[in-house]
Amino acid sequence: MTFADIILPLAQPCYTFAVSHIPDLKVGEAVAVQFGQRSVYTGIVLRLHNNPPKRGKVKPVLKRLYNFALLTPKQIEFWSWMASYYLSTLGEVMRIALPSLVKPHAQSEELYIPYSLPTERVLRVKNMPTAEEFERLSRRAPRRAALLSLLNANGGEIARRECSADSSIISALIKAGYIECGERECKPQVQPISHTLLPTLSEAQSRALERIDSGLAVCNVALLHGVTSSGKTEIYTHRIAHALAQGQDVLFLVPEISLTTQLTERLQQMFGQRVISYHSKLTPLRRTQIYMDMLLTDAGRLIVGARSALFLPYKNLGLVVVDEEHDSSYKQTEPSPRYHGRDAAVMLASLHGAKTILGSATPSLESFNNAMAGKYAGVTLMSRYGGSLPPKIIISDTLRAVKRGERKSHFNKELLDRIEERLQRGEQIILFQNRRGYAPYVECPRCGWTARCPHCNVTLSRHLKSSTLRCHYCGYSVTELQYCPDCKTSQLEAKGFGTEKVEEEIATLFPSARVLRLDSDVASSESAYNRIIQHFADGGADILVGTQIVAKGLDFKGVTLIGILNADNLILAPDFRAVERAWQTLLQVAGRAGRRDKAGEVVIQTSDVSHPLFAALSEQGYQHFAATQLRERQMFNYPPFSRLIRITLRHHIPAHLAQAASALGVSLRAKFGSRVLGPVTPLIDRIRDQYIVQIIIKIESSAPFSRARAIVAEIVAEHRASPTAKGVAIICDIDPV
Ligand code: ADP
Ligand code: ZN
Ligand code: ZN
């Protein structure tokens with residue numbers, strides 16, 4: 001072949017280079033090229049062909065970097081799908097897909113290759129003695145002859161560490177010119193499984209597994225809807241063992257890095273050293289090693305990871321498990337490609353001919369709808385493992401409590417009484433409030449002034465521990481103000497409440513209770529997070545106050561009461577998914593209660609007790625709830641009955657932004673008509689000094705989505721290049737969440 005299209009680490013299409021001077025260059029190999037006037041880049045061969053580019057002079061590839069391909073053909077397929085589906089480029093996919101030590105980048109001057117495979121010392125035959133000489137050697141120095149025979153039997157080369165001969169024997173053979181020392185790249189080995197001890201499944205679990213098995217015989221994807229604590233992980237392990245036994249790779253995805261540690265340990269007890277956790281918080285070297293190990297050896301690993309684990313070089317992928325499939329953390333929002341980890345996982349599996357199991361206690365309406373339509377095999381498991389009872393849900397009316405004088409600070413009597421009772425019995429409590437900090441805003445009671453971020457259109461939150469007012473969008477912070485800077489007469493009042501305030505109030509109401517807080521302020525690192533979790537699990541505190549963080553996958557034996565302090569702000573979010581999300585969050589938090597022998601209670605405080613969401617909260621209520629929600633979505637033509645493309649425009653000058661957005665809106669309308677909504681200003685219309693405007697395009701499911709995406713890409717590219725949109729960032733998000 002004479003030409004190669006090379007993926008360069010740029011948000012641009014691939015460029016063509018001449019390669020006939022590089023022998024046997026393969027697709028997927030890393031190379032260095034000169035690009036632009038002076039810069040040298042490393043990149044990856046996407047395609048080899050004989051078609052000279054129509055324009056411009058073709059430069060030759062400078063050098064190949066390794067003597068093996070960095071990408072498998074399947075990875076190239078996966079990257080290509082991702083770039084095309086999410087209106088991204090292969091260069092952008094490459095930037096998030098490869099671990100940094102082997103990731104192509106712009107080179108400064110000298111070509112620098114930061115990673116090479118580890119090597120080992122070897123002994124190698126140089127000149128084999130003649131039969132006669134060998135005969136003589138066998139008689140006079142049998143151990144030297146034995147080493148030569150060993151080398152011969154191993155194709156003329158063995159690792160020094162595998163050779164037990166004395167160094168005197170080796171030196172003698174070297175001196176005689178028979179052998180020499182050398183080095184070679186050492187290939188990692190997959191550890192065989194010594195023993196697999198799978199948990200024995202309960203009867204309900206076995207039935208679910210059977211239905212997954214039979215479902216996967218006809219569908220590629222199974223959706224396991226299993227209530228919290230039903231033992232979904234145990235069910236997965238049986239399928240995992242099956243795949244590993246056939247020499248296949250398995251990918252087990254979780255939505256958050258913090259969930260990998262516990263899970264990896266649990267799976268290692270069953271599958272030993274084959275279990276490897278992979279995510280973006282590992283060191284660059286560790287990530288590169290895992291990548292290279294997988295690239296250079298055969299399949300047979302169980303990778304536990306966050307969404308970046310989708311990009312590893314699987315050799316023979318047999319099974320993908322996506323746990324907590326409903327979780328919106330699976331969606332990458334920044335940078336491009338803005339992909340959904342769950343959807344990409346289903347795609348990856350299908351490229352490999354592998355099966356996917358999606359699991360959740362609160363499935364997304366998208367997946368639920370796919371199961372209803374027979375696209376996925378739907379399996380439900382409604383009983384908890386070990387027969388523990390589902391938590392009892394109590395909807396507590398905040399308005400009524402206020403009226404009756406049964407509310408102290410942010411707690412209704414119904415909740416306070418139960419906290420008291422648990423504390424007396426020595427049981428644990430989780431209090432959930434989906435806001436961190438002390439208060440979401442501070443206000444002057446006299447003139448109404450509120451503290452706002454100078455860079456974003458939001459109020460500043462008050463943080464007690466640091467005595468600051470902080471912006472949760474850009475991180476801006478100022479020391480707390482004592483007096484209103486506007487009328488200068490009055491002290492500022494904190495309005496609303498976050499986890500810090502809950503912590504403070506609980507300490508006042510129950511002075512002897514040991515209170516612990518878990519939110520992103522205190523769990524700033526993985527180890528801090530693990531410390532808090534462990535401390536609570538060990539009984540080091542009575543009450544855990546936390547944000548969403550507490551809702552995810554944690555398993556506390558001693559918790560028998562959950563308090564949800566304000567469900568209203570979950571329901572009221574301005575998003576067509578708000579009710580679905582609220583339902584998921586409430587049930588996930590509720591699932592932390594009474595996971596063993598004690599039945600738990602969940603008190604949900606709200607001022608909107610008649611909201612249909614609350615009737616659907618008993619775990620059996622899902623079918624009905626989902627059906628109603630789906631009908632509503634269908635009526636307003638929202639996903640899963642349509643596909644959305646969200647275009648976000650950003651610029652620091654509002655007038656310029658408005659002009660660019662309206663021009664783009666006009667072009668889109670010319671093609672898509674009334675499918676285009678906007679431009680509209682979102683609720684928070686300025687972040688980090690950038691004003692924000694959005695356009696949504698709704699494509700009905702019956703229309704060809706790929707064509708719609710292509711048209712959008714074309715129009716957006718035109719506008720990016722036009723003077724009207726000069727300097728305006730235009731970002732496309734496919735299937736936004
Ligand atoms: P889920 O993910 O469905 O919420 P888990 O898989 O975390 O549930 O299981 C809940 C608890 O029950 C865990 O502590 C788990 O070890 C235990 N468990 C579930 N199934 C079994 C089983 N078959 N054998 C032993 N323990 C089990
Ligand atoms: Zn800000
Ligand atoms: Zn004032």
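This passage describes the zinc sites, two sheets, a cavity and selected backbone features of a predicted model.

Two zinc ions are each held by four cysteine sulfur atoms. For the zinc ion (ligand 2), the protein donors are the SG atoms of Cys453, Cys456, Cys471 and Cys474, which lie 2.3 to 2.4 Å from the metal. The angles among these four donor atoms run from 106 to 112 degrees, and the site is tetrahedral. Along the chain, the donor residues follow the spacing C-x2-C-x14-C-x2-C. Cys453 is located in the loop between β21 (441-443) and β22, whereas Cys471 is located in the loop between β23 and β24; the pair therefore ties together parts that are 18 residues apart in sequence.

The zinc ion (ligand 3) has as its protein donors the SG atoms of Cys444, Cys447, Cys484 and Cys487, at 2.3 Å. Here the four donor atoms subtend angles of 106 to 117 degrees, so the arrangement is tetrahedral. For reference, the ideal angle for four tetrahedral donors at a metal is 109.5 degrees. The donor residues of the zinc ion (ligand 3) show the sequence spacing C-x2-C-x36-C-x2-C.

The strands β22, β23 and β24 form, in that order, an open sheet with antiparallel pairing. Because β22 (461-463) and β24 (477-479) each have a single partner strand, they stand at the edges, and one side of each is left without a neighbour in the sheet. On average, neighbouring strands of this sheet are turned by 30 degrees against each other, direction ignored. Three bridges support the antiparallel pairing of β23 (residues 468-470) with β24, and Thr468 stands opposite Thr479 of β24. The loop that follows β23 and precedes β24 holds Cys471, one of the donors described above.

A second open sheet comprises six strands in the order β17-β29-β28-β20-β27-β26, with parallel pairing. Its edge strands, β17 (392-397) and β26 (515-518), each pair on one side only. From one strand to the next, the twist averages 20 degrees. Within this sheet, β28 (residues 559-564) and β29 (residues 601-606) run parallel and are joined by four bridges. Ile562 has Val602 in β29 as its bridge partner.

Two cavities of 30 Å³ or more are present in the structure. The second largest contains about 40 Å³ of space. Its lining is made up of Thr72, Lys74, Gln75, Phe78, Leu310, Leu312, Pro313, Tyr314, Leu348 and His352. Two elements, α1 (73-85) and α10 (341-352), give two or more residues each to this lining. Helix α1 provides the largest share, three residues. By residue class, the lining of the second largest cavity divides into six nonpolar residues, three polar residues and one charged residue.

Several backbone features were also identified. The peptide bond from Ser336 to Pro337 is cis, with omega near 0 degrees, and Pro337 lies in the loop between β14 (317-323) and α10. Helix α10 also contributes to the lining of the second largest cavity. A cis peptide bond likewise links Gly678 to Pro679, with omega near 10 degrees; Pro679 is placed in strand β31 (residues 676-680). Ser409, although not a glycine, has a positive phi of about 40 degrees. This residue, Ser409, is found in the loop between β18 (407-408) and β19 (411-412).

Notes. Residues are numbered from 1 along each chain as its sequence is written. Chains are lettered from A and ligands numbered from 1 in the order in which they are written. This is a predicted model: local features need pLDDT of at least 70, side-chain atom pairs count only at pLDDT 80 or more; totals for chains, interfaces and linings use all residues. Side-chain values use heavy atoms; hydrogens and water are left out. Two strands pair if DSSP finds at least two bridges between them. Axes are lines fitted to C-alpha atoms, for helices over the stretch in contact, and angles run from 0 to 180 degrees between N-to-C directions. On a 1 Å grid over the protein atoms alone, a cavity is a set of points where a 1.4 Å probe fits but cannot get out, and a pocket is an open set with protein on both sides within 12 Å along at least five of seven lines; lining residues have an atom within 4 Å of a point. Grid points are joined across faces, edges and corners, and a volume is the space filled by probe spheres set on the points. Ala, Val, Leu, Ile, Met, Phe, Trp, Tyr, Cys and Pro count as nonpolar, Asp, Glu, Lys and Arg as charged, and the others, Gly among them, as polar. Donors are N, O and S atoms within 2.8 Å of the metal (3.2 Å for Na, K and Ca); water is not among the atoms, so sites may look incomplete. Four donors count as tetrahedral if all angles lie between 85 and 135 degrees; four count as square planar and six as octahedral if opposite donors are over 155 degrees apart and all others between 65 and 115; anything else is irregular.
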